[in-house]
Amino acid sequence: MVASVNAVEVVVRSDRAAMVAHGTARVAVGVAAIAFALSPCSPAHSYRQPQLPHFRPVISSLSALPFYDGALKALISVVVVWKLSMAYLDGQAGSPLDYNHTIWQDQSFFKWRKRDAHVPLHCHESIEGSLRYWYGRSKVDFLASNVAVWDDDAVSAALDSASFWVKGLPFVRSLSGYWNFYLAHDPSSVPANFYHSDFQDSTWGSLPVPSNWEMHGYGRPIYTNIAYPFPVDPPHVPAENPTGCYRTYFQLPLEWKGRRIFLQFEAVDSAFHVWLNGVPIGYSQDSRLPAEFEITEYCHPFGSGKKNLLAVEVFTWSDGSYLEDQDHWWLSGIHRDVLLIAKPQVCIADYFFTSTMGENYAYADLQVEVKIDIPQGMSKDCVPADFTLEAGVYDVGKWYQDDASVDLLSSKVAQMELIPPAKFQFHGYMLKGKLEMPKLWSAEQPNLYTLIVILKDASGHIVDCESCQVGIRQITKAPKQLLVNGHPIVIRGVNRHEHHPRLGKTNLESCMIKDLVLMKQNNVNAVRNSHYPQHPRWYELCDLYGMYMIDEANIETHGFDYSAPLKHPTMEQSWASAMMDRVIGMVERDKNHACIISWSLGNESGYGPNHSGLAGWIRGKDLSRPLHYEGIANDPTELRPLILCEYSHAMGNSNGNIHEYWEAIDNTFGLQGGFIWDWVDQGLLKEAADGCKYWAYGGDFGDHPNDLNFCLNGITWPDRTPHPALHEVKYVYQPIKISLQEGIVEIRNTHFFENTQGLEFCWSVLGDGCALGSGIMSVPQIEPQSSYNMEWKSGPWYSTCATSLAGEIFLTITAKLLQSTRWTEAGHTVSSVQLQLPSKRKLVPYAIKAGNASLHSEIIGDSIKIFQQNIAEVNLNTQTGTIKSWKVEGICVMNRGIFPCFWRAPTDNDKGGNAESYLSKWKAAFLDDLFFLTESCSILNQTGHLIEVSVVYLGVPKAEKTSHSKELNVLLRVVITYTFYGSGDIVMECNVRPNIDLPTLPRVGVEFHLDKSMDRVKWYGKGPFECYPDRKAAAMVAIYEKTVCGMHVPYIVPGECGGRADVRWVTFQNQEDVGIYAAIYGSSPPMQMSASFYSTAELDRATHNQELVEGDDIEVHLDHKHMGLGGDDSWSPCVHDEYLVRPVPYSFSMRLHPVIAATSGHAIYESQLPGY
């Protein structure tokens, strides 16, 4: 994965003009040439594709035409090669298995007897049956996400999902279940004739289908980011090529008699052969798209009582693996469902729905292109003579207006009629209709219709019925803008891999819904299918829930970047057909989905003529959507809209400065959002030696090579528990923007289609963290892309604020849903913003006075004990200047402290950049190995009311702590002055002088250790979730309380975590409310705070969260400065300048105070405010 900027149109070279030109003559000749390329070819007698030179007469004749330049040349060349090669392959009479040739190592051979790609088929028996089917499929909401499972229960749940997806389809059957399975070391070790009916498989194991076999104890998962997990020698793959052998039986229902039978594998990784009753049926590659074969003549006759034997041989590696180098786990097997489909002899094979908007969207012209399939030997002329086609459109929205008595048939809103074929009819039969006042589809308002296409015989009886849900919407481009229904939408997106921690690549209905519910609840409106076509149900759900989508071809060859002198396959003509087949398969399967607003040619595969050919084919097929291909856009005159296809790399504790991206997006014309990398940590569930299960990453399975934890870069954990960063994402993505400038509160509705009628606006006011008042705001309806302004003094909160004596007053305005939706319940917070209001009380630096409280002390050896009002007792080591212990009411509160601290447990972003990484530079400067020598510790002042102690520390590399050399390598000089007051207060003034040659510092602050019983943490600052200087926009200032355990964030790979930003004060107390209070003092700004049972060293040592070992105490950090997290990427030092901690002098002060049951942190803080 490489971060980059994407222009929403394919990035091409100098021949781009040829690709996008639409002159009449060019188009006419071009279409004729493409039509030739797509026309039927005579069967050949060899299953292998001839090399391109065999086709050069055809290419040469085309090149003589005037239009034949650049991209169009690439298109026609690729399509001609693809179509002719398909004719060779499909016309081959024998089996490729009969030849002494390893077809899984031949890029020109990627399918045999595989049917043309098409939309998912449902084979309804009637119009009403199809409507009932979609009525049931559409009744999903957020409650379904509650049953999502991520552990071992997911195995059976996957089988349940496969059965559910064909429920209500009488002519579609799932073969999901446990199949007999054997894993061979390589293809040559496959048991002979295992596909024969008399083969004995009683010693074989069993494996659920769908699944990846590595997730069930066969072989091992492998994770790599860029490098191929085998030597790069295309098209060859390793001889050690684990090969899965599957066997199962099925019988066909008697009701299917007389129908054609099709066998469909929805996805198999990476290549496979299939046999039925010992007869070879076909071969296929592309691990993310369906492979369908007609098996009618190979099935046992109906009524014979015989079971049909289905046998499949799956290769882990094939030449197709070179096109599937995505940043994801390498997992093998039949990982999506296997279906039996029964169609009539003459049947609907495919259909393509499009709509064109009328003026002002008052109507839509509808069109559906239908392909009819007939069995071999039947004349095509019988179709127009003996059959008729009809199509209707039904309004899904009407189904839910009166759920008690749904009349599905009455929801019909448009009829489409067959039109006479054009002079040149290459595609199929065309039906057209018109829909008045269509309800448009968008992510905000995902209005859907059900399209039903029926084939009738001469008597008017329904022979075949197909359907899908469609959306009426228009996607266009303007200069620097991508428009949906005429509006320049903003992409608030994420990249999503198909990933389940227990199942691998296999999908569950409830888990897909969980993803969508979480996305919608966190204001995500777009998803990029990274980097391959995903499960068919995912698209249906995105249509339903409202999610813009980039659909991406299963092409990535990133590893070739480092395999010179080998070229990327896009530069090689021998790979053109395989690449074209993947793009065609994607478009043909998914073309009817409203959610898809752009096609993608794949990811990180270089750029070459094959890409130009792919782009040309898509444009010829579907002009209604733009193209995407990852590239760099750095031309200031660029007129294409810019969308970040991968940004804010979410690896571990990351996503810093994402708010700065959105400041730019919200204020830059032509910058239309982006897709975060990525949605989910791709950890796999693994059982440790002690029986505990944990999230595993690259290398944990003994896989080599591997890229360790680079698969862990999601904003959710593998079980979709949100990372703290998801709060920040929700905040910057929120559609209702609220600001306060010059006394004016502006509420801005950034939606393009939704007004605020469905929202309730609430307000609440905090004074110094305590609630002062709250209520409902009266806000007029705000139309899309409009604002409502009001003076803050005219708001319902004003009287509350005007009478408050709080030092800080914060107003929070929240927009909540009034009604439940498909993705959440009523009361859900859509947007929330905190604004700081003016305060009557001015915050001025506070200075503690000695007062009358007496202070007692005694010196014992190298310690001085200080007694404060019989409440607290501090034992200070006069040799080292550290606190040995601090007791409150006789209870030990602090057992070690207070030390200067400049080091943090490295995050993933800290480690990125090799020698240039922050971590490398910190280690080179010994910041990870500091020891603080006490140069001096002296009592400066002592009275009956206070004691002042000054300690000077020298920070040196630990190796020098026992050095007797006078020339110490002093990296930092720290002076801490303590003032102990009789009141119980301890004021600590710190002055830090770093060596100017040091690199950026991780932190500047202090560290101390508390007794483990002090595990109740209460603070006044930002929260309640983890936040850092460059990731705190979503966190609000208030008083929060958590346990120390609750402060820890269990990133799969431990590191710095659990911090809270902008803390004014914090208390650490036990169950009896005894503890200590710490606060900023004087003019010091709010601090960064963390508390953990895990030491910094332990967080640095452990490689997995479950390896962490609790210490004997609580390690607390209070930082005057803390470096940001970064997040632009994780492979270079990328924390923005304003969040770096430079090696310059720093001065800051803190106040410590004992806490007992009779006091509170808030009361102590209030006591230091002016006028208290």
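Two strands count as paired if DSSP finds at least two bridges between them. In this predicted model, strand β20 (residues 412-418) and β21 pair in the antiparallel sense over two bridges. L418 has L431 of β21 as its bridge partner.

Strand β21 (residues 429-436) also pairs with strand β18 (residues 363-373). This pairing is antiparallel and runs over eight bridges. Here, V368 has L431 in β21 as its bridge partner. L431 is thus named in two bridges, with V368 and with L418.

Strands of a sheet pair through backbone hydrogen bonds, in either a parallel or an antiparallel manner. An open sheet of three strands is also found, in the order β35-β36-β39, with antiparallel pairing. Its edge strands, β35 (736-741) and β39 (786-791), each pair on one side only. Neighbouring strands of this sheet are turned by 15° against each other on average, with direction ignored. Strand β36 (residues 744-749) and β39 pair over six bridges, in the antiparallel sense. One of the residue pairs joins I747 to Y788, its bridge partner in β39.

Helix α10 covers residues 576-590. Its 15 residues should span 21 Å, because each step along the helix is taken as 1.5 Å and the steps number one less than the residues. The end C-alpha atoms lie 22 Å apart, which agrees with the expected span. Helix α10 is mostly covered: 15 of its 15 residues are buried, that is, under 20% relative accessible area.

Key: Residues are numbered from 1 along each chain as its sequence is written. This is a predicted model: local features need pLDDT of at least 70, side-chain atom pairs count only at pLDDT 80 or more; totals for chains, interfaces and linings use all residues. Side-chain values use heavy atoms; hydrogens and water are left out. Helices (H or I, at least four residues) and strands (E, at least two) are DSSP runs, numbered from the N terminus. Buried means under 20% relative accessible area, exposed over 50%, partly exposed in between (1.4 Å probe, protein chains only). Axes are lines fitted to C-alpha atoms, for helices over the stretch in contact, and angles run from 0 to 180 degrees between N-to-C directions.
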